[in-house]
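Reader: I would like a close look at one part of this protein, namely a sheet and what lies against it. Please take me through the pairing with some care, and then turn to the nonpolar interior.

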Amino acid sequence: MASTLRVAIIGGGIGGLTLALALRERGLTADVYEQTPQLTEIGAAVALTANATRELERIGLGDRLAAASTTPEELIHRHWRDGARIAAHPVHSGSWYRNRFQAPVHGIRRAQLQVILSSALAAGTLHLGYRLVGLTERPDGLVLGFSAGDTAHADVVVGADGIRSTVRRWVAGDDHEIYSGTSGFRGIVPVDRLPGLPDPQSIQFWTGPGAHLLHYPIGPTGDSVNFLAVVEGPRTWARTDGWVDDVAADEPLRAFHGWHPAATAMIGAVTHAVRWGLFAVRPLPRWHRGRAVLLGDAAHAMLPHQGQGANTTVEDAFTLAALLAQVPDTIELPSAFATYQALRRGRTRRIQRLSWLTNALLHLPDGAAADERNRALARLPQEIAWIHEHDVQATLRRRTERLARSGPAPTT
Ligand SMILES: Cc1cc2nc3c(=O)[nH]c(=O)nc-3n(C[C@H](O)[C@H](O)[C@H](O)COP(=O)(O)OP(=O)(O)OC[C@H]3O[C@@H](n4cnc5c(N)ncnc54)[C@H](O)[C@@H]3O)c2cc1C
């Protein structure tokens, strides 16, 4: 029986917009409530990988994404000071990545991605300027309270409201964010302003003592690079109202003093310096309570060093949509949510851990441990293939087949 659930999605970020599209594909309608009066980009750009793009291609967005983005030629690791290649692996060259994972990598501006996702929504789905401030459970559903005094009713509320999620507080209580003790400077720089940059069309990690620099090409022609320059510290994050802080204009360059001129040219090209505190969300015991469930950063925000926050959020959205579409009645919701959590929590936890460890490995000082890491980087594509080869639909099919063979699997 087709589901007739009324789904309210809190947050119009990558997760909320993708979930609305995934629900639509399954015949369900949803309302997306976004606090900002316009869709605003968080950060500059994002690298979408096969575990997300295979789903976005499947629902027909492949051509638009490809037209707006660039696929990096190679994945290269470099030494911080002399720029020597430590390891290099093909990505676009020889169509290696697509052949291996049957879906592409896209370096894309976030604003562009939001336009592509939001313009594919059914008219009237997105409600801008609605900040959720309260949730009340009633026998017939949930009542959503918004900051301007409006209310709405829903059978299901999905918290896609990011790392500082209001819905998470309702589901799991306070205090789940954790500051990593690291921070980053980010920016977009036209390639023609970086004449000394080797391989600008590749995704590159420059690794050094206590810091690293990641960059990759973006846009339809790869004419710009998006970078994230990460440093240790500050030890504590003093701001309680956000994770972005203005810093002195020369602060990023001082942190990368002595680095290769191509690295400092990129970091120095950004005139308005801003420091991003890098946070994660501690593993939650539960992702759902009653009729509310969490998705994306609200459930499992992770450090960005595997480039998987947005990608795992897209996986969540398609998994949750498939399970909600099978719910004939709200009585079945707890079981659908438990299955969703069982399918998603272990995988996202594993990527969270790896992202944390990656930061430490990228920040090793020159020496024996760095040499050992450098040797291990030769096997990187094999080591992280499990992230990129994940196939949401195949995972759901396997679960259905397992159920058909042996009854329900454990859900915790
Ligand atoms: C420096 C950095 C680089 C990154 N690079 C990558 C990358 O290359 N690849 C990748 O996959 N991931 C990357 N990420 C992670 C990625 O940005 C996030 O994981 C992703 O955006 C999560 O999407 P989301 O929809 O869950 O949350 P968000 O994108 O945070 O969206 C949440 C939305 O909810 C809205 N909202 C919040 N509270 C309310 C409320 N009370 N009522 C209504 N609306 C509300 C917000 O305004 C926002 O629009 C990076 C992160 C950082 C910090």
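**A sheet, a helix across it, and two cores**

Author: In this predicted model, strand S12 (residues 177-190) and strand S17 (residues 274-281) pair in the antiparallel sense over five bridges, and within that pairing Ser 183 stands opposite Gly 277 in S17. Strands of a sheet pair through backbone hydrogen bonds, in either a parallel or an antiparallel arrangement. S12 and S17 belong to an open sheet of eight strands, whose order is S5-S4-S13-S14-S15-S12-S17-S16 and whose pairing is mixed. The edges of this sheet are strand S5 (85-90) and strand S16 (244-246), each of which pairs on one side only. Neighbouring strands of the sheet are turned against each other by 20 degrees on average, direction ignored.

Across this sheet lies helix H11 (residues 333-362), which runs at about 70 degrees to S12 and lies across S17 as well, together with strand S4 (74-79), strand S13 (203-208), strand S14 (211-218) and strand S15 (224-232).

As for the interior, the largest nonpolar core has 74 residues, and those with the most contacts inside it are Ile 9, Leu 144 and Val 157. Helix H10 (residues 309-325) supplies the largest share of this core, ten residues. Leaving aside residues up to four places away in sequence, Val 157 touches a set of residues including Ala 8, Ile 10, Leu 135, Leu 142, Leu 144 and Val 167, and also Arg 291, Ala 292 and Val 293. A second core, separate from the largest one, has 24 residues, among them Leu 75, Ala 87, Ala 103 and Ile 387.

Terms used. Residues numbered from 1 in each chain as written. Predicted model: local features only at pLDDT ≥ 70, side-chain atom pairs only at ≥ 80, totals over all residues. Heavy atoms only, no water. Pairing = 2+ DSSP bridges. Helix = DSSP H or I, 4+ residues; strand = E, 2+ residues; numbered from the N terminus. Axes fitted to C-alpha atoms, helices over the stretch in contact; angles between N-to-C directions. Contact = heavy atoms within 4.5 Å. Core = buried A, V, L, I, M, F, W, Y, C linked by side-chain atoms within 4.5 Å. Buried < 20%, exposed > 50% of the residue type's maximum accessible area, 1.4 Å probe, protein only.
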